[in-house]
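Colleague: Please take me closely through one residue and then through what surrounds it. I am new to this structure, so explain each term once.

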Amino acid sequence: MGKLGIFGLTFILLFTFVGPLIYRVSPDTTNLLYLMSPPTLKYPLGTDALGRNYLARVMVGGQLSLIVGFVSAFASMVIGVIYGLISGYAGGYVDGIMMRIIDILLTIPGLFILLLLDAMFSPSAFVLIFIIAFTSWFSISRLVRSEVLSVKQRDYVEAARAFGASTWHIMTRELLPNVMGTVMVATTFQVAAAIITIATLSFLGLGLPPPTPNWGELLNSSMSYMYQDAWWLIYPPGICLLITMMSFNFISEALQGVFDSRL
Amino acid sequence: MSMASPVPTTRPKLLSVKNLKKHFPITGGIFSQVVGQVRAVDGVSFEVDTGETLGLVGESGCGKTTTGRAVLRLVEPTAGRVEFEGKNILEFSAGEMRKVRRQMQIIFQDPFGSLNPRMSVRDIIQEPLIIHGQGNRSQREQRVKELLDVVGLASYHMQRFPHEFSGGQRQRIGIARALALKPKLIVADEPVSALDVSIQSQILNLLEDLQQEFGLTYLFIAHGLNVIRHISDRVAVMYLGVMVEMADSLEIYQRPLHPYTEALFSAIPIPNPELQRSRMVLPGDVPSPAHPPSGCRFHTRCPIAQDRCRTEVPKWKESKPGHFVACHFR
């Protein structure tokens, strides 16, 4: 399954990042002679209501989704790892307070925070990364914390303490490398979740501002033409999202086996 | 039963433990209030001379491991004194503690849990050197080679990771790491009980050779007397957080005084099926250290217990020169 995931992800990455370099067509140029054209030789995926080349739009639309997905997942990993390491290693009251803070934040529905933050700050890719990272680090930090609770009991951590190792040394050299497996698995899932979040926000019309397309926004604007049987507007971005999601899920499942960690 | 009178020795004392206690709180209820105390170690006193091996024996849960860790301040003792070279390390600041940690090291029971699986053998062995800022890169590399050689491994093992080694080899790596800072005292916490019997004697011989070569002092913790006999100069027996008997190795094997020690000895298998002997089987289980029995803690399982044992705590007394016991009748 891991191979299938790698294959799918490679395909998507080539399609979105290398594709536009080969298929050099502007995603924004309109052609009023070909509005809502079904796939033809000239327009392999047809055109949208403004006569724009849909293949070019789907290719470019993936770029932003993937970049924002990766970067926000990475950011939430960094926050989650630091928070979880401190909470788990400190234990006691500190741990209790830090985990209760997460509990409180988790009681607020994620979509609500997203919509609120999205309304407060005008959406740009950077803001979107920040918003997604801010609403998605909880689960990673909980995972890290629970792993740390078990790893810090191991004899090799005790051995490091017996040498007089500093807290910093124990956290970075003993604990971190041994929780990274779980973190990698969780972060891979997180990338997929972030991409879905972007798509969801864009689908609700709250994502990234035009003209740069992204898959969620493409789905959103295609909705209106569903009843005109404009299937070529719905399936390509949907299938791209599907392949991306499944690839990430397959990869993280394979990683779970490699790192022998359970989520 | 806690105060020990000094052992007459010719060698200087390296470690002196006085009335050491470690109680773990039991929390319960919705506000996790303290509802009781597990008295893991409840007033233990002993001394270890320089270059000597003191064997610490007892069943699982008797507090011997906690004693070993409390001596190194890996768990913070509740009360008592731990004097290392005459200074009470329990009063040391973090900085002083860091310095003294070079002198005292630990070898763990589980050779699979004691090595960081994400570090190469080189990193594992040089870790204490890095922590104490000793040597530059090539000096450390040289030292790792020396240490591997000392414990009977080859220098090409350096690049490998712990999972590539057998239990015995891993234990050697753990020993090399413990030796890295040239310590004086090593607490060996059941260092062979997780190993195959055929490997056990190899490791024990290695530990003895290292003691000779580097003048090490061992606090050797074990749950069986057969291992201890091999290596110890003196043996101390613990039961339920207290010490019940301590004497020279030979003396305690030939003339055990405490009924618990006798029972432990009779559990050692004799490699002779012809030989008949009376095996002393203790009734019942070890009582909970959260609610230790009144009086003598051993009275619930003792074959010679009398009424007195239920109420009166036996004194820790020197029954013969150098032979200490805590029993009303011996």
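Modeller: A:Leu206 is partly exposed, because 16 other C-beta atoms lie within 10 Å (20 or more would make a residue buried, 12 or fewer exposed, and in between is partly exposed; C-beta atoms are placed from the backbone). This is a predicted model, in which local features need pLDDT of at least 70 and side-chain atom pairs count only at pLDDT 80 or more, while totals for chains, interfaces and linings use all residues. Residues are numbered from 1 along each chain as its sequence is written, and chains are lettered from A and ligands numbered from 1 in the order in which they are written.

A:Leu206 sits in the loop that joins helix 7 to helix 8 (215-223) of chain A (helices are DSSP runs of H or I with at least four residues, strands runs of E with at least two, numbered from the N terminus). Its C-alpha atom is 7.7 Å from that of A:Leu115, although 91 residues separate the two along the chain.

Helix 7 (167-203) of chain A also belongs to the side that touches chain B, where it and helix 6 (155-162) are the elements giving two or more residues. The contact takes 15 residues from chain A and 19 residues from chain B (two residues are in contact if their C-beta atoms lie within 7 Å). On the chain A side, helix 6 gives the most, with seven residues. That side divides into seven nonpolar, three polar and five charged residues (Ala, Val, Leu, Ile, Met, Phe, Trp, Tyr, Cys and Pro are nonpolar; Asp, Glu, Lys and Arg charged; the others, Gly among them, polar).

Elsewhere in chain A, the axes of helix 1 (residues 2-22) and helix 9 (residues 231-259) come within 7 Å and cross at roughly 140 degrees, the axes being lines fitted to C-alpha atoms over the stretch in contact and the angle running from 0 to 180 degrees between N-to-C directions. Helix 1 of chain A is therefore oblique to helix 9 of chain A (under 35 degrees is roughly parallel, over 145 roughly antiparallel, 65 to 115 roughly perpendicular, the rest oblique). Residues making this contact include A:Gly8 and A:Phe11 of helix 1 and A:Ser247 and A:Phe250 of helix 9. By class, the contact has eleven nonpolar, five polar and no charged residues.

As for the partner, chain B has ten helices and twelve strands. Its C-alpha atoms fill a box of roughly 65 × 60 × 50 Å along the principal axes. Of its 330 residues, 41% are buried. Among contacts in chain B with a separation of 6 or more, 66% join residues 24 or more positions apart.
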